[in-house]
Amino acid sequence: MQEIRFEKATSFKQKPQDESKLGFGKLFTDYMFEMDYEAGKGWHDPRVVPYHNFSLDPATSVFHYGQEIFEGLKCYRRKDGGLQLFRAKDNFARMNRSAERMAIPQFDEELALQGLIKLLEVEKDWVPHTAGTSLYIRPTIIATDPMLGVHAAKRYKFFIILSPSGAYYAGGLAPVEIYVEDKYVRAVRGGIGFAKTGGNYAASIRAGEIAEEKGYTQVLWLDGVEQKYVEEVGAMNMMFVLDGKIVTPMLNGSILPGITRDSILKLAKHMGYETEERRIAIQEIFDAAHSGKLDEAFGTGTAAVVSPVGALCWKDEKLVINRGEIGPIAQKLYDTLTGIQFGEAEDPFGWVLKID
Ligand SMILES: *Cc1c(COP(=O)(O)O)cnc(C)c1O
């Protein structure tokens, strides 16, 4: 494996005093990880260096054609003060799958993981201490060719930045109200829905704005062809409890294969719940609710882990789920999974990597 170089910073930021005001993605640490790619040379010069701006030619390909991918994961502080990652290898494996779809060259997943660990060792004091807080990790690759021709770039930059983030739920798991989008679509089969790439987000922002104007916090996307089947929510996969069974849309190529989704499915089975991955018509959800068979609905993703859905609005009907309250299954899965992530519950799956 390539040697990871270290360059010491000369100035340091003030760490936040009040961890209740951290929010998300506003503050970044003193260092970052970086490496570059050039055709013929491969990925080279992996390094942990002071956090810095990039200087890029206005013609740089990522600005014009969006050839980029990213990941999102967290570093957690245990009660004993030590640090741990959750399924980090799976994030880098998924990043290489996104890379393949976006014609970005494959990188060495072990080198990326070691780069992240080295960065975290330097930045360990930035992992917040308050219950529920964590250090958010954002690996990214951008195409950096300074030219306008439409083709895969010959130069890329891989970087990882870190951001201390607040507890997602300050006052317990708060259910969200979601708008089922029936005009715009996010992704189609054969497209880039399964890749974690900026374009999927760019395509979703307008619908998110409209939903917000109507008083909803997020959008639930339906399939891009018939707009009949449930896909996912902005940055969360979707699960329903139908007649006691946990049901989620199967991975069909247009939804993002969430690591939280996979973890919740494995954990739920381990805890004795019945689970099912299949196609789910939005009509089926509304019908189930009308006949009293929709027990709960919740989203899953790294940021919130489990996010209960208190209401779904589809066309003209606002469906209130479980009286707008968090359901017992969502609560139990949330408690168990966050317990594993913070090192307070047993980890029967080998998901946790202690780094300190
Ligand atoms: C990242 C993401 C998710 C959630 O994935 P996790 O690995 O669970 O964080 C779901 N949907 C989309 C579109 C995403 O980008």
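Which residues of β10 are buried on one side, and which on the other? On one face they are Gln218, Leu220 and Leu222, and on the other Val219 and Trp221, so both faces of this strand are covered. Please keep in mind that this is a predicted model. The tour below starts from β10 and its neighbours, then visits the aromatic pairs, two charges over rings, a helix crossing and a few individual residues.

**The covered strand β10**

- β10 spans residues 218-222, and five of its five residues are buried.
- In a regular strand, side chains alternate between the two faces of the sheet.
- The split seen here has Gln218, Leu220 and Leu222 on one side, with Val219 and Trp221 on the other.

**Strands paired with β10, and onward**

- Strand β9, residues 176-180, pairs with β10 in the parallel sense, and three bridges link the two.
- Within that pairing, Tyr179 has Val219 of β10 as its bridge partner.
- β10 also pairs with strand β11, residues 230-233, here in the antiparallel sense and over two bridges.
- Two contacts can be named for β10 and β11: Leu222 stands opposite Val230, and Leu220 has Val233 as its bridge partner.
- Moving on from β11, you reach strand β12, residues 236-242, which runs antiparallel to β11 and is joined to it by two bridges.
- The connection between β11 and β12 is a hairpin through two residues, and Val233 faces Met236 of β12 across this pairing.
- Val233 therefore turns up twice, as the bridge partner of Leu220 and opposite Met236.

**Aromatic pairs and a cluster**

- Searching the whole structure turns up 17 aromatic pairs.
- One of them is Tyr37 with Tyr156: the ring centres are 5.8 Å apart and the planes stand at 65°, which makes the pair edge-to-face because the angle is over 60 degrees.
- Tyr37 belongs to strand β2 (residues 31-38) and Tyr156 to strand β8 (residues 155-165), so this contact ties together parts 119 residues apart in sequence.
- Tyr156 has a relative accessible area of 2%, so it counts as buried, the cut-off being under 20%.
- Another edge-to-face pair is Phe86 with Trp351, whose ring centres are 5.5 Å apart and whose planes are at 80°.
- Phe86 sits in strand β6 (residues 83-86), whereas Trp351 is in the loop between α8 (328-341) and β18 (352-354), so the pair ties together parts that are 265 residues apart in sequence.
- Both partners are buried: Phe86 has 8% relative accessibility, and Trp351 has 8% as well.
- Tyr37 and Tyr156 are also members of one aromatic cluster, which includes Phe33, Trp43, Phe92, Phe107 and Phe158.

**Charges over rings**

- Lys13 lies over the face of Tyr51, with 4.4 Å to the ring centre.
- Arg279 places its charged end over the ring of Tyr229, at 4.1 Å from the centre of that ring.

**A helix crossing**

- Helix α6, residues 259-270, meets α8 with the two axes coming within 11 Å and crossing at roughly 110°.
- What does that angle make of the two helices? Angles of 65 to 115 degrees count as roughly perpendicular, so α6 and α8 are roughly perpendicular to each other.
- The crossing of α6 and α8 is right-handed.

**Individual residues to look at**

- Asp243 has a phi near 55°, a positive value in a residue other than glycine.
- This Asp243 lies in the loop between β12 and β13 (245-249), and Asp243 is exposed because its relative accessible area is 57%, over the 50% cut-off.
- Arg323 also has a phi near 55°, again a positive value in a residue other than glycine.
- The setting of Arg323 is the loop between β17 (317-320) and α8, and Arg323 is exposed at a relative accessible area of 64%.
- Asp295 is part of strand β15 (residues 294-301).
- Is Asp295 buried, exposed or partly exposed? With 28% relative accessibility, Asp295 counts as partly exposed.
- From C-alpha to C-alpha, Asp295 and Lys245 are 9.1 Å apart in space, while 50 residues separate them in sequence.

Key: Residues numbered from 1 in each chain as written. Predicted model: local features only at pLDDT ≥ 70, side-chain atom pairs only at ≥ 80, totals over all residues. Heavy atoms only, no water. Helix = DSSP H or I, 4+ residues; strand = E, 2+ residues; numbered from the N terminus. Phe/Tyr/Trp six-rings, centres within 6.5 Å; stacked < 30°, edge-to-face > 60°. Buried < 20%, exposed > 50% of the residue type's maximum accessible area, 1.4 Å probe, protein only. Lys NZ or Arg CZ within 6 Å of the ring centre and 35° of its normal. Axes fitted to C-alpha atoms, helices over the stretch in contact; angles between N-to-C directions. Parallel < 35°, antiparallel > 145°, perpendicular 65-115°, else oblique. Left-handed = near helix turned anticlockwise from the far one by under 90°.
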